[in-house]
Amino acid sequence: MKSDEIRAMILEVIHQIVPDEDLSNLKGDVRIRDQIEMDSMDFLDIMMELRKRYGIKVPEEDYMQLSTLDGSVAYLEPLMKGI
Amino acid sequence: MQCRQREEKQAKMSNETRIVITGIGLTAPNGNNLTEFRQNLLAGKSGVGKIETHYMGEVIAGICHFDPLKYQGKKEVRRGTRAGSIAIYCANEAVVDSKLALTSVDKSRIGIYLGVTEHGNVETENEVYNIKQFDYNVDLWSHHHNPRTVANNPAGEITLNMGITGPHYTLGAACAAGSIGIIQGLQMLLLGEVDLALAGGVSETPNTFGVFAAFKNEGALASHPNPQKACRPFDKSRNGIVVSEGGCIYVLEKLSAALARGARIYGEIVGYAINSDASDFILPNPQRQSECMRLALRKAGISPGDIDIINTHATGTREGDKAECQAIRGAFGEDTEVYINNTKSFIGHTMGAAGALELVGNLPSFEDNIAHQTINVDDLEPDCAFKNLVINEPKKVDKVDYILNNSFGMLGLNSVLVVKRFSE
């Protein structure tokens with residue numbers, strides 16, 4: 001998957017988890033949880049969805065790298081090259 | 001002057017120990033508020049249909065059609081349970097109906113007491129089903145499982161939704177749970193633990209497959225070509241239970257508080273009793289059921305002849321219906337003229353909600369003097385015949401001052417409520 005596809009996928013997963021939130025103006029370089037109502041259980045839902053859909057297991061020590069949209073795309077791009 | 005002051009003081013004290021119903025919120029397979037529910041009961045309208053379940057395919061069930069987004073956001077619905085959604089809907093509806101402004105009430109003095117038959121089965125069965133496709137890898141077991149399956153979940157979700165900081169818990173009481181939830185609320189008010197009780201019961205049971213499978217293998221799951229005719233209490237061809245979801249929550253207050261704010265009063269709870277059969281896991285004990293009814297009447301300070309309507313528990317099982325009729329004769333006499341009806345024939349067995357929901361469908365009788373009917377009685381079981389069994393059509397009666405509601409659960413748990421038409 002290319003970076004814009006990964007970005008779209010992450011937004012789709014977030015929308016599934018927090019369907020009441022408006023994601024249209026989500027900034028890429030700001031912590032996601034500072035922009036919308038999302039708690040730690042919601043974040044775990046995102047990690048679970050990545051595991052279920054793509055078999056990608058994100059270790060807990062890497063969670064901080066996925067706190068922003070840009071960070072998430074950068075982290076996942078090498079792992080999703082063949083998908 | 002002293003005598004009048006003493007009388008006023010006695011009246012005031014009495015109003016402190018009388019508990020009344022001042023708000024109702026409900027969802028049933030045939031109605032999402034008391035007006036709609038009552039209209040459909042009087043019109044003979046069932047709410048039972050068919051659903052698809054895991055492993056069992058199509059089954060007959062009663063499903064509610066309230067709008068969960070009326071009081072919850074989409075994320076709340078997703079995060080919580082169906083029982084939680086039902087509880088939140090009913091609690092909010094009850095408070096709105098009571099015309100209490102929650103902003104003016106001390107929320108630490110509100111208690112939530114909800115009866116449930118079971119809780120956690122739905123979430124657990126669904127998770128096992130979900131991870132089956134991942135070769136039962138528990139790394140993919142939901143992190144939401146624990147807060148969803150703790151037994152207090154439905155009551156707890158109400159506190160989160162409404163910002164209530166008083167006590168909350170559920171009461172596990174099988175099919176008597178809704179009745180026992182109300183009794184608990186009443187008792188906590190009398191103890192002074194809370195000033196307001198949101199009390200009743202909820203059910204999300206149709207979302208399981210296990211309950212259906214167990215009833216089927218027990219020979220107690222109803223079947224009929226027409227789902228709306230499947231729940232047939234007192235009929236010779238009755239063949240079991242229709243599993244349903246539902247919810248009913250009452251706002252309960254002391255009479256003194258209700259009068260002080262000019263609340264509408266649906267009725268006064270004047271008697272109740274809970275006892276146990278101590279005889280069988282499943283088969284009911286008519287003698288103990290009779291004892292429970294007599295105890296409730298004694299607590300109410302009335303005799304059997306004072307009761308105008310008995311709303312039965314009867315679920316449509318071959319033995320259960322007969323046992324209850326035998327129990328009624330034991331408490332009320334062989335030739336009793338009390339009006340007798342049944343609500344499950346319309347909506348199936350709403351499990352944890354049943355005791356509260358079935359009673360509430362009768363409360364409008366205090367005003368309209370109509371005993372609603374039992375539907376689906378095409379060929380009356382002789383052992384269930386009573387002079388004033390109300391079947392297939394509603395019955396206009398002279399007056400309704402007292403209603404008695406029966407709720408009986410597995411492991412031989414019996415609960416009876418007596419409600420009186422309110423008069424000061």
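This passage walks through a predicted two-chain model, from a helix in chain A to the domains and strands of chain B. Since the model is predicted, local features need pLDDT of at least 70 and side-chain atom pairs count only at pLDDT 80 or more, while totals for chains, interfaces and linings use all residues. Residues are numbered from 1 along each chain as its sequence is written, and chains are lettered from A and ligands numbered from 1 in the order in which they are written.

Start with helix H1 of chain A, residues 3-17. Helices (H or I, at least four residues) and strands (E, at least two) are DSSP runs, numbered from the N terminus. The expected span, 1.5 Å times one less than the number of residues, comes to 21 Å for the 15 residues of H1(A), and the end C-alpha atoms are indeed 21 Å apart. Buried here means that 20 or more other C-beta atoms lie within 10 Å of a residue's own; exposed means 12 or fewer, and partly exposed is in between, with C-beta atoms placed from the backbone. By that count A:Ile6, A:Met9, A:Ile10, A:Ile14 and A:Ile17 of H1(A) are buried. They cover an arc (taken from the directions from the helix axis to the C-beta atoms) of only 135 degrees, which puts them on the same side of H1(A). A:Asp4 and A:Glu12, on the other side of H1(A), are exposed. The cover over the buried residues includes helix H3 (40-54) and helix H4 (69-76) of chain A.

Next, the meeting of the two chains. Counting residues as in contact if their C-beta atoms, placed from the backbone, lie within 7 Å, chain A puts in eight residues and chain B six. The chain A side has five nonpolar, no polar and three charged residues. For these classes, Ala, Val, Leu, Ile, Met, Phe, Trp, Tyr, Cys and Pro count as nonpolar, Asp, Glu, Lys and Arg as charged, and the others, Gly among them, as polar.

Chain B is assigned domain 1 (12-260) and domain 2 (270-420), with bounds from an automatic or database domain assignment. Their C-alpha centres lie 21 Å apart, and 56 residues of domain 1 are in contact with 50 residues of domain 2. Helix H8 (177-191) of chain B is among the elements on the domain 1 side, and H8(B) gives the most to that side, with seven residues. By class, the domain 1 side has 30 nonpolar, 19 polar and seven charged residues.

Strand E4 (110-116) of chain B also gives two or more residues to that domain 1 side. Seven of the seven residues of E4(B) are buried, so the strand is largely enclosed by the rest of the structure. One side carries B:Ile110, B:Ile112, B:Leu114 and B:Val116, the other B:Gly111, B:Tyr113 and B:Gly115. Two strands pair if DSSP finds at least two bridges between them. E4(B) pairs in the parallel sense with E6(B) over six bridges, B:Ile110 being partnered by B:Leu196. E4(B) is also parallel to strand E5 (residues 168-172) of chain B, over five bridges, with B:His168 as the bridge partner of B:Ile112.

Elsewhere in chain B, an open sheet of three strands runs E2-E3-E7, with mixed pairing. Strand E2 (48-53) and E7 of chain B stand at the edges with a single partner strand each, so one side of each lacks a neighbour in the sheet. E2(B) and E3(B) run antiparallel, joined by six bridges.
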